[in-house]
Amino acid sequence: MDSSAIFSKIDLGDTNYSYANTRVRAMESKILTSDIYMKLLNMDFSQISRFLGEVEYKEEIDSLSKHFRGVELIERSLNKNLANTYNKLLKMAGKEAANYAFAVFMRWDVHNIISILRGKFAKVSDKEIEKTLIPIGEIPFSFIQSLTKFLSYQDVIRRLKKLEQFSFLDETKEMADIESELYKNYFTKVLEKFRKDKKSLFLNFVKMEIDIINLKNIMRMRRYGFTLDEEEKNVIDGGLYFKANKLSFLLRSSNQDFLTSIKKTPYGHIIEKHFSEPTLFNVEESLEIFLMQYAKKQLKGEHLSIIPILHYIYLKKIEVDNIRKIARGIASNLEKEVIQDSLVI
């Protein structure tokens with residue numbers, strides 16, 4: 001099947017960064033602050049929903065409150081608001097944003113496909129899988145939703161393979177290998193798209209995301225063992241600080257040499273702090289928080305460029321993720337301090 005028959009075409013007008021970034025600054029002034037998150041931590045679901053209905057989430061809360069309640073209302077409203085915001089921003093950015101639209105939207109396609117595959121693999125209900133999906137991406141959301149109706153993850157992959165974009169997938173492979181191939185395919189395409197733009201702040205962010213994924217995989221393999229085949233599957237070339245040969249060294253070096261090498265990068269203090277803990281949960285979550293804080297602080301640049309818009313895109317994602325963590329944490333009866341430590345503030 002020709003991919004163009006299924007992938008969305010974003011109708012972008014002419015670019016006027018002065019106009020777009022003036023609007024973005026106004027939107028940025030409404031991003032929730034740290035004191036608001038502290039207040040949300042002391043609310044129940046109905047109070048959080050009511051608060052969201054009084055700020056930038058009013059449209060989504062109003063429309064979805066007829067069908068959902070509690071944490072499900074909050075999560076679905078966050079997902080829909082994020083999609084509405086991204087679509088508005090990329091249209092505001094105009095034709096010059098096409099390359100960035102490709103990178104941002106395809107990332108969410110990968111997120112949605114992996115959510116469906118994991119759900120099918122774990123035999124989670126269609127309804128529960130749908131809660132995890134974000135209605136953003138190059139692929140029409142109706143197509144993404146249709147994938148949840150297949151019985152097995154192999155059936156989902158067989159359907160995806162009919163699209164040229166995903167013809168490389170193989171339903172006989174294990175779930176972890178499929179995820180790895182989806183990420184590798186995504187990052188390869190993004191790096192190729194921005195290959196000539198070596199000083200791009202956005203490209204540096206993407207390369208840092210590759211570093212984070214590689215570090216998480218390397219620490220898992222160091223801890224639990226690996227084969228050459230697994231090494232090949234689980235490392236992605238093109239990171240900001242770690243090229244392929246450096247990744248091989250990190251995988252095989254002693255603990256002392258590993259830490260000495262990592263300390264030369266911005267990730268050193270995070271990994272050293274959690275290196276001896278019995279699980280990798282804290283170090284993996286801390287690396288994710290570091291990545292979002294990097295986007296929040298570093299994706300700033302010229303007024304007449306795409307950077308202010310990209311900066312807001314990540315600020316908005318951080319806001320939605322923070323509210324989601326608070327809602328899920330309350331639903332799971334987590335202590336407030338635990339939830340607070342997971343927020344990007």
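Me: What makes the charged end of R222 count as sitting over the ring of F258?

Reply: In this predicted model, the charged end of R222 is 4.3 Å from the centre of the F258 ring, and the rule asks for a distance within 6 Å together with a position within 35 degrees of the ring normal. The charged end of R222 is therefore described as sitting over the ring of F258.

Me: Why is the pair of Y241 and Y267 called edge-to-face?

Reply: A pair of aromatic rings is described by the distance of the centres and the angle of the planes. The centres of the Y241 and Y267 rings lie 5.7 Å apart, and their planes stand at 90°; since a pair needs centres within 6.5 Å and edge-to-face needs planes over 60 degrees apart, the name edge-to-face follows. By this rule there are eleven aromatic pairs, and Y241, F242, Y267 and F290 form one aromatic cluster.

Me: How do you know that the pair of Y241 and Y267 links distant parts of the chain?

Reply: Y241 lies in the loop between α12 (228-234) and α13 (244-252), whereas Y267 lies in the loop between α14 (255-262) and α15 (268-274), and the two are 26 residues apart.

Me: Which of the words buried, partly exposed or exposed fits Y241, and which fits Y267?

Reply: Y241 has 38% relative accessibility, and because partly exposed covers the range between 20% and 50%, Y241 counts as partly exposed. Y267 has a relative accessible area of 0%, which is under 20%, so Y267 is buried.

Me: Is D177 buried or exposed?

Reply: D177, which lies in helix α10 (residues 175-193), has a relative accessible area of 15%, and because the limit for buried is under 20%, D177 is buried. D177 and N99 are 78 residues apart in sequence, and their C-alpha atoms are 28 Å apart in space.

Me: How do you know that the span of helix α16 agrees with what it should be?

Reply: Helix α16 (residues 281-298) has 18 residues, and at 1.5 Å a residue it should span 26 Å; its end C-alpha atoms are 26 Å apart, so the two values agree.

Me: Which residues of α16 are buried, and what covers them?

Reply: The buried residues of α16 are V283, E284, L287, I289, F290, L291, M292, Y294 and A295. Their cover includes α11 (201-224), α15, α17 (307-331) and α18 (336-342).

Me: What makes the phi of K123 and that of N333 worth a second look?

Reply: Most residues other than glycine have a negative phi. K123 is a residue other than glycine, yet its phi is positive and near 60°, and N333, also not a glycine, has a positive phi of about 60°. K123 is in the loop between α6 (98-121) and α7 (126-131), while N333 lies in the loop between α17 and α18. Because exposed means over 50%, K123 counts as exposed at 74% relative accessibility, and N333 counts as exposed at 70%.

Me: How do you know that the radius of gyration agrees with that of a compact globule?

Reply: With 345 residues, a compact globule would have a radius of gyration near 20 Å, and the protein has 21 Å, so the value agrees. The protein has 18 helices and zero strands, and buried residues make up 50% of its 345 residues.

How values were computed. Residues are numbered from 1 along each chain as its sequence is written. This is a predicted model: local features need pLDDT of at least 70, side-chain atom pairs count only at pLDDT 80 or more; totals for chains, interfaces and linings use all residues. Side-chain values use heavy atoms; hydrogens and water are left out. Rings of Phe, Tyr and Trp (its six-membered ring) pair if their centres lie within 6.5 Å; planes under 30 degrees apart count as stacked, over 60 as edge-to-face and the rest as tilted. Helices (H or I, at least four residues) and strands (E, at least two) are DSSP runs, numbered from the N terminus. Buried means under 20% relative accessible area, exposed over 50%, partly exposed in between (1.4 Å probe, protein chains only). The radius of gyration is taken over C-alpha atoms; the globule rule is 2.2 Å times the number of residues to the power 0.38. The expected span of a helix is 1.5 Å times one less than its number of residues. Contact means heavy atoms within 4.5 Å.
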